[in-house]
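Student: Hi! I have a structure open and could use some help reading it. Can we go through it together?

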Amino acid sequence: MTAPATRLAEGPPSWARLVLAPNPGPMTLDGTNSWVLRAAGQSGCVVVDPGPLDEPHLERLASAGPVELVLITHGHVDHTESVGRFAGLTGAPVRAKDPRWCRGGEPLTAGEAIEAAGLRLTVIPAPGHTADSVAFAVAGGEPAILTGDTVLGRGTTVVTWPDGDLGAYLVSLARLGECGAVPVLPGHGPMLADCAAACDHYLTHRAERLDQVRRALAAGAATARDVVEIVYADVARTLWPAAEMSVRAQLAHLKELGEWREPDRDGDSP
Ligand SMILES: [Zn+2]
């Protein structure tokens with residue numbers, strides 16, 4: 001679970017610099033990756049995901065400035081907590097898919113091309129981890145893709161019910177995979193060398209997990225809790241509530257596919 005999905009990149013493109021936020025944890029790996037982007041010869045920069053409200057971290061980011069634009073990959077707190085403070089510190093507009101995180105800038109739209117700091121960033125919708133997740137693709141001589149939490153540098157992404165949507169996530173992975181063998185600048189963990197390979201790995205992992213759930217259903221499981229008891233039998237019970245949220249996302253997906261339906265409340269459904 002903690003191995004990288006594919007080989008690591010040797011280093012970031014010349015236009016990208018990582019500023020790691022000091023918020024390591026089980027869900028954030030080493031901490032949130034705040035990315036400072038700037039093409040050679042440009043004075044202004046773009047900051048992607050200023051991250052947690054940590055003053056020294058924000059000062060480090062602001063000192064890379066002048067900051068022309070702040071972009072948000074998705075609304076989770078470890079990516080957005082500092083949005084208001086960072087906008088105040090830099091005066092830069094903040095843009096996100098969800099208008100809740102925008103400050104002085106318009107919400108991002110699918111397929112939009114943003115020109116800033118001498119770069120052209122294309123907004124790729126990537127719902128699944130959250131409904132508002134987006135990726136930013138940079139083309140040119142040193143292409144790369146900023147994936148937020150849709151593809152991580154280590155392990156796999158959490159898709160939990162009800163914020164996450166597994167069906168949408170699988171579509172998003174296929175879409176990001178079409179970007180080809182370009183480096184991944186993730187929201188957490190190290191850079192990966194190959195976006196297409198990482199997405200393939202994630203899709204395989206998800207298919208295996210879904211098959212485990214299908215087998216549990218075939219063995220008589222009727223509810224998310226039943227599935228957890230079978231699939232996660234050898235996992236500490238303290239992790240079961242988290243596992244249940246993940247299984248619920250899988251069951252919601254199987255329901256969409258017509259492979260599962262909720263048992264009746266009286267428990268008399270087949
Ligand atoms: Zn997230």
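Student: Let's start with helices. At what angle do helix α5 and helix α6 pack?

Tutor: Happy to help! Keep in mind that this is a predicted model. Helix α5 covers residues 195–218 and helix α6 covers residues 224–231, and the two pack at an angle of about 110 degrees. Their axes are 9 Å apart.

Student: So what do I call that arrangement of α5 and α6, in words?

Tutor: Angles from 65 to 115 degrees count as roughly perpendicular, so α5 and α6 are roughly perpendicular to each other.

Student: Which residues make the contact?

Tutor: From α5 you have Gln-212, Val-213, Ala-216 and Leu-217, and from α6 there are Val-227, Ile-230 and Val-231. Sorted by class, that contact has six nonpolar residues, one polar and no charged ones.

Student: Now α1 and α3. How do their axes cross?

Tutor: Helix α1 (residues 55–62) and helix α3 (residues 83–90) have axes that come within 10 Å and cross at roughly 40 degrees. That angle makes α1 oblique to α3.

Student: Is that crossing left-handed or right-handed?

Tutor: The crossing of α1 and α3 is right-handed. Leu-58, Leu-61 and Ala-62 of α1 meet Arg-85, Phe-86, Leu-89 and Thr-90 of α3 there. By class, the contact of α1 with α3 has five nonpolar residues, one polar and one charged.

Student: Okay, switching to sheets. What is the strand order in the sheet with β6?

Tutor: The order is β6-β7-β8-β9-β10, an open sheet of five strands with mixed pairing. β6 and β10 (184–186) are the edge strands, each pairing on one side only. From one strand to the next, the twist averages 25 degrees.

Student: How many bridges join β6 to β7?

Tutor: Four bridges join strand β6 (residues 113–116) to strand β7 (residues 119–125), and these strands run antiparallel. One pair to look for is Glu-115 with its bridge partner Arg-120 in β7. The hairpin of β6 and β7 has two residues between the strands, and Ala-117 takes a positive phi near 55 degrees there.

Student: And what comes after β7? Which strand does Val-123 face?

Tutor: Val-123 stands opposite Phe-136 in β8. β7 and strand β8 (residues 134–138) pair in the antiparallel sense over five bridges. Phe-136 also stands opposite Leu-146 in β9. Strand β9 is residues 144–148, and three bridges join β8 to β9, again with the strands antiparallel.

Student: What about the sheet with β1? Which strands stand at its edges?

Tutor: That open sheet has five strands in the order β1-β2-β3-β4-β5, with mixed pairing. β1 (16–20) and β5 (94–95) stand at the edges with a single partner strand each, so one side of each has no neighbour in the sheet.

Student: How does β5 run next to β4?

Tutor: β5 and strand β4 (residues 67–71) run parallel, joined by two bridges. Val-70 stands opposite Val-94 in β5.

Student: Last topic: where are the domains?

Tutor: Domain 1 spans 16–204 and domain 2 spans 207–256. Their C-alpha centres lie 30 Å apart.

Student: How many residues does each one put into the contact?

Tutor: Nine residues come from domain 1 and ten residues from domain 2. On the side of domain 1 that touches domain 2, α4 (166–177) and α5 each supply at least two residues. By class, that side of domain 1 has five nonpolar, four polar and no charged residues.

Notes: Residues are numbered from 1 along each chain as its sequence is written. This is a predicted model: local features need pLDDT of at least 70, side-chain atom pairs count only at pLDDT 80 or more; totals for chains, interfaces and linings use all residues. Two strands pair if DSSP finds at least two bridges between them. Axes are lines fitted to C-alpha atoms, for helices over the stretch in contact, and angles run from 0 to 180 degrees between N-to-C directions. Angles under 35 degrees count as roughly parallel, over 145 as roughly antiparallel, 65 to 115 as roughly perpendicular and the rest as oblique. Two residues are in contact if their C-beta atoms, placed from the backbone, lie within 7 Å. Ala, Val, Leu, Ile, Met, Phe, Trp, Tyr, Cys and Pro count as nonpolar, Asp, Glu, Lys and Arg as charged, and the others, Gly among them, as polar. Domain bounds come from an automatic or database domain assignment. A crossing is left-handed if the near helix is turned anticlockwise from the far one by less than a right angle, and right-handed if clockwise.
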